Each structure stands twice: as structure tokens, then as C-alpha cells.
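User: I am new to reading protein structures, and I would like to be taken through one slowly. Could you show me how to read its features step by step?

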Amino acid sequence: MTIDTGSPGLRQAEIRRVRPMDAARMRALRLEMLADAPLAFLETIAEAAARSHAEYAARVAYTSAGPNNAQFVADPGRGRLVGHAGGTIAPTEAGLTVIYAVYVTPTWRGSGLLGELIDGVAAWSRSCGRPELLLEVVVGNDRAYRAYQRLGFEDTGVRVPHPNIPAMTELQMRRAA
């Protein structure tokens, strides 16, 4: 699928599953994600920067096929990738896909790209027999919370500790895939 944000010629991005050849572009996007929103992800920029190209390539190859873990990217066709959303199986709930590492580069925010990335994960989830999506948002990240509400996610009332920062809490949101 391709999203056109209305700007002539320059603002189109294909939403697709990562491909093995995307490893270098995924590394660049991951470092951007961590620099821009360090509390939203489960590793530091230093940890990500220390990983070798071979490690990135192996991760991208793993998530480029199969039913257990997938990464979707927004690819404008040249230069950097401009968005990402991943999905993985929930080990304790068979019909559920957990969405992770959602990111849209600042210049593309508000373009509809977030919804297209989530739709990519949702279609993959349904094709794997998982009809429900779950994601977690840091309590207080109202911009993300409202964006996910607009995409049909509902606050479940469940709160969990942030995996890396004990003083922070995340809230869980769900919707149909």
C-alpha cells in the first residue's frame, strides 16, 4: 500500500514489510528513533549504535518473513525510511499481536502514516490468525495516547511498570486487528 499525503510528488511512502536488503536503512531509522524518543523504546542509542551491521541484518532477515514477528516500514523510495511498526506474538494469548517500536519521523507526523503502519501490522496479524492488537504507551505521553485512540485503540485500564525505568508506568491499549 502507498500513502499520499497530498503534497505534489514528494510525500508518498510505500508501507511494506522489511526486506533483508533494508538492514542499513533500518539501522539508521533505529538510531533516529532512539535519539528522538529515548523513553519509548527498550534500548539506548548507545546500545543500538554498538550493534554490528551483521546483527541488524540478522534481525531484519528474521522479521522479514514468518508468522511470529514482523516489522513494517514506510519507504518513500529514496534515502531514509520514514516510519516503522513491529508486531510479535503474545506468548500467553494466542489470538493477540503485540505492537512494538512504533515510530514516524517528525516531518511525516500528522500525515496518516501512523495509521497505515498500524494497518500493515493488523493485516499481517489477521493473516496469521490473530484478530486482536495490543500496544503499550507511557502514561503521560498524551500525543501518542490520542493518536492511538483515533486509530480505534481503547485503554484497557491495565497499567504496567516501564521495563527500563521503574518510576514510569505504561498503559495498555487494544483494538481489533
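Analyst: What follows takes up the nonpolar cores, one helix and the salt bridges in turn. This is a predicted model, in which local features need pLDDT of at least 70 and side-chain atom pairs count only at pLDDT 80 or more, while totals for chains, interfaces and linings use all residues. Residues are numbered from 1 along each chain as its sequence is written, and side-chain values use heavy atoms, with hydrogens and water left out.

User: How do I read a nonpolar core, and which residues have the most contacts inside the largest one?

Analyst: In soluble globular proteins, nonpolar side chains tend to be buried together. A nonpolar core is a set of buried Ala, Val, Leu, Ile, Met, Phe, Trp, Tyr and Cys residues joined through side-chain atoms within 4.5 Å, where buried means under 20% relative accessible area, exposed over 50%, and partly exposed in between (1.4 Å probe, protein chains only). The largest core here has 26 residues, and those with the most contacts inside it are Ile99, Leu113, Tyr148 and Phe153. Among the elements that give two or more residues to this core are strand E2 (12-17), strand E5 (96-104) and helix H4 (113-127); helices (H or I, at least four residues) and strands (E, at least two) are DSSP runs, numbered from the N terminus. Helix H4 gives the most, with six residues.

User: What does Phe153 touch, leaving aside its neighbours within four places in sequence?

Analyst: With contact taken as heavy atoms within 4.5 Å, Phe153 meets Ile99, Ile118, Leu133, Leu135, Tyr148, Met173, Arg174 and Arg175. There is also a second, separate core of 15 residues, which includes Met33, Leu34, Leu81 and Tyr100.

User: How should I read a helix such as H4, and which of its residues are buried?

Analyst: An α-helix has 3.6 residues a turn, so residues three or four places apart point the same way. The buried residues of H4 include Leu113, Leu117, Ile118, Val121 and Trp124. H4 has 15 residues and reaches 21 Å from its first C-alpha to its last, close to the 21 Å expected at 1.5 Å a residue, the expected span being 1.5 Å times one less than the number of residues. After H4 comes Gly129, whose phi is positive, near 80 degrees.

User: How do I recognise a salt bridge, and how many does the structure hold?

Analyst: Side chains of opposite charge can pair when their charged atoms come close. A salt bridge is a side-chain nitrogen of Lys or Arg within 4 Å of a carboxyl oxygen of Asp or Glu, and the structure holds 13 of them. In one of them, the side chains of Asp36 and Arg109 meet at 2.4 Å, N to O. Because Asp36 lies in helix H1 and Arg109 in the loop between E5 and H4, this pair ties together parts that are 73 residues apart in sequence. Asp36 is partly exposed, at 36% relative accessible area, and Arg109 is partly exposed too, at 32%.

User: Which residues are linked in a network of salt bridges?

Analyst: Glu14, Arg16, Arg19, Asp22, Arg25 and Asp75 are linked in this way. Within the network, Glu14 pairs with Arg16, their closest N and O atoms being 3.9 Å apart; Glu14 is partly exposed, at 31%, whereas Arg16 counts as buried, at 6%. Asp75, in strand E3, is buried with a relative accessible area of 8%, and its contacts, not counting residues up to four places away in sequence, are Ala13, Glu14, Arg16, Arg25 and Leu81.
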